[in-house]
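The following explanation leads through one protein structure, from its overall order to individual side chains. The reader may wish to keep the sequence and the model in view throughout.

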Amino acid sequence: MKVYRVESTLSKCAESSVDGRLATSPEMIPPVFRDLFGFSPKETFAAFMLDSKHRIVAVEQVSVGTLNSSMVHPREVFGPALRLGTIAAIIVAHNHPSGDPEPSREDIAVTERLVEAGKLLGVPILDHVVVGEQREDGTHRHFSLRGNASVSF
């Protein structure tokens, strides 16, 4: 199965093969994130758009920020999903260039806003994964706000 990185116009796409994997755990997000966005020295925030079986069908780069922050607004996260019309849920993710995936207060606040917006729009946010540094074994340090923070999904 091919996954497409959706550019802001939804007309240009870069392909990334995910081999039909489902987005069933937070561990699956960091390798795809790094495949699509690399090891950026700036925070990059992305929305992983899922079909009804939770397969990643598109990834939208929502924003690129500074060394330690990124501006995120619900319209940039949900706009592409609503335009596609076939998105059942979203997982958001962003990197921490420092390598430490521990979420900031701002990360938690953004997640809470996006979760509420998703409830109103009928496109739930399933998780927010913060991607950290890559380990020697190829896995990535990461933090799942769904599994580890006081955010109610």
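How many helices and strands are there in the protein? The protein has four helices and seven strands, and along the sequence they follow one another in the pattern β-β-α-β-β-α-β-α-β-β-α. The model is a predicted one, and its confidence should be considered before its details. The average pLDDT of the protein is 85, and 83% of the residues reach at least 70. Confidence is highest in strand S5 (residues 89-95), where the mean is 97, and lowest in strand S2 (residues 13-17), where the mean is 47. The pLDDT falls below 50 over residues 8-15, a stretch that has 16 contacts in the model beyond near neighbours in sequence.

Some totals describe the protein as a whole. Of its 153 residues, 47% are buried. About 7,800 Å² is exposed, and carbon and sulfur atoms supply 50% of that area. Among contacts between residues at least 6 apart in sequence, 61% join residues at least 24 apart.

Two strand pairs can be followed in turn. S3 (44-50) and S4 (56-64) pair in the antiparallel sense over seven bridges. Leu50 has Ile56 in S4 as its bridge partner. Five residues lie between the strands of this hairpin, where His54 adopts a positive phi near 65°. The other pair consists of S6 (125-134) and S7 (residues 140-144), which run antiparallel and are joined by four bridges. Here Val130 stands opposite Phe143 in S7. The hairpin of S6 and S7 also has five residues between its strands, and Gly138 takes a positive phi near 95°.

The helices can be read through their buried residues. Helix H1 (residues 29-37) is mostly covered, with seven of its nine residues buried. These are Ile29, Pro30, Val32, Phe33, Arg34, Leu36 and Phe37. Directly after H1 comes Gly38, with a positive phi of about 70°. In helix H2 (residues 74-84), the buried residues are Pro74, Val77, Phe78, Gly79, Pro80 and Ala81. The cover over the buried residues of H2 includes strands S3, S4, S5 and S6 together with helix H3 (105-121). H2, too, is followed by a glycine with positive phi, Gly85, at a value near 80°.

One buried residue of H1 carries a charge. Which side chain of opposite charge is nearest to Arg34? That side chain is Glu133, at 8.3 Å, and Arg34 has no salt bridge although it is buried. Leaving aside residues up to four places away in sequence, Arg34 touches Phe39, Ser40, Asn95, Val131, Gly132, Glu133 and His140.

The last of these contacts leads to strand S7, where His140 lies. Is His140 buried or exposed? Its relative accessible area is 7%, so His140 counts as buried. Beyond residues up to four places away in sequence, His140 touches Pro30, Pro31, Arg34, Phe39, Gly132, Glu133, Gln134 and Arg135. His140 also lies 9.8 Å from Met28, C-alpha to C-alpha, although 112 residues separate the two in sequence.

Salt bridges complete the picture. Side chains of opposite charge can pair when their charged atoms come close. The structure holds five salt bridges, among them one between Glu133 and Arg141 at 3.2 Å, N to O. Another joins Asp100 and Arg141 at 3.7 Å, N to O. Because Asp100 lies in the loop between S5 and H3 while Arg141 is in strand S7, this pair ties together parts that are 41 residues apart in sequence. Asp100, Glu133 and Arg141 are thus linked in a network of salt bridges. Each member is partly exposed: Asp100 has a relative accessible area of 38%, Glu133 one of 39%, and Arg141 one of 28%.

A further salt bridge has a local setting. The side chains of Glu116 and Lys119 meet at 3.6 Å, N to O, and both residues lie in helix H3, three residues apart, about one turn of the helix. Glu116 is partly exposed at 43% relative accessibility, and Lys119 is partly exposed at 46%.

Conventions. Residues numbered from 1 in each chain as written. Heavy atoms only, no water. pLDDT = per-residue confidence, 0-100. Contact = heavy atoms within 4.5 Å. Buried < 20%, exposed > 50% of the residue type's maximum accessible area, 1.4 Å probe, protein only. Lys, Arg positive; Asp, Glu negative; His and termini not counted. Salt bridge = Lys/Arg side-chain N within 4 Å of Asp/Glu carboxyl O. Pairing = 2+ DSSP bridges. Areas by Shrake-Rupley, 256 points an atom, 1.4 Å probe, with all protein chains shown as cover.
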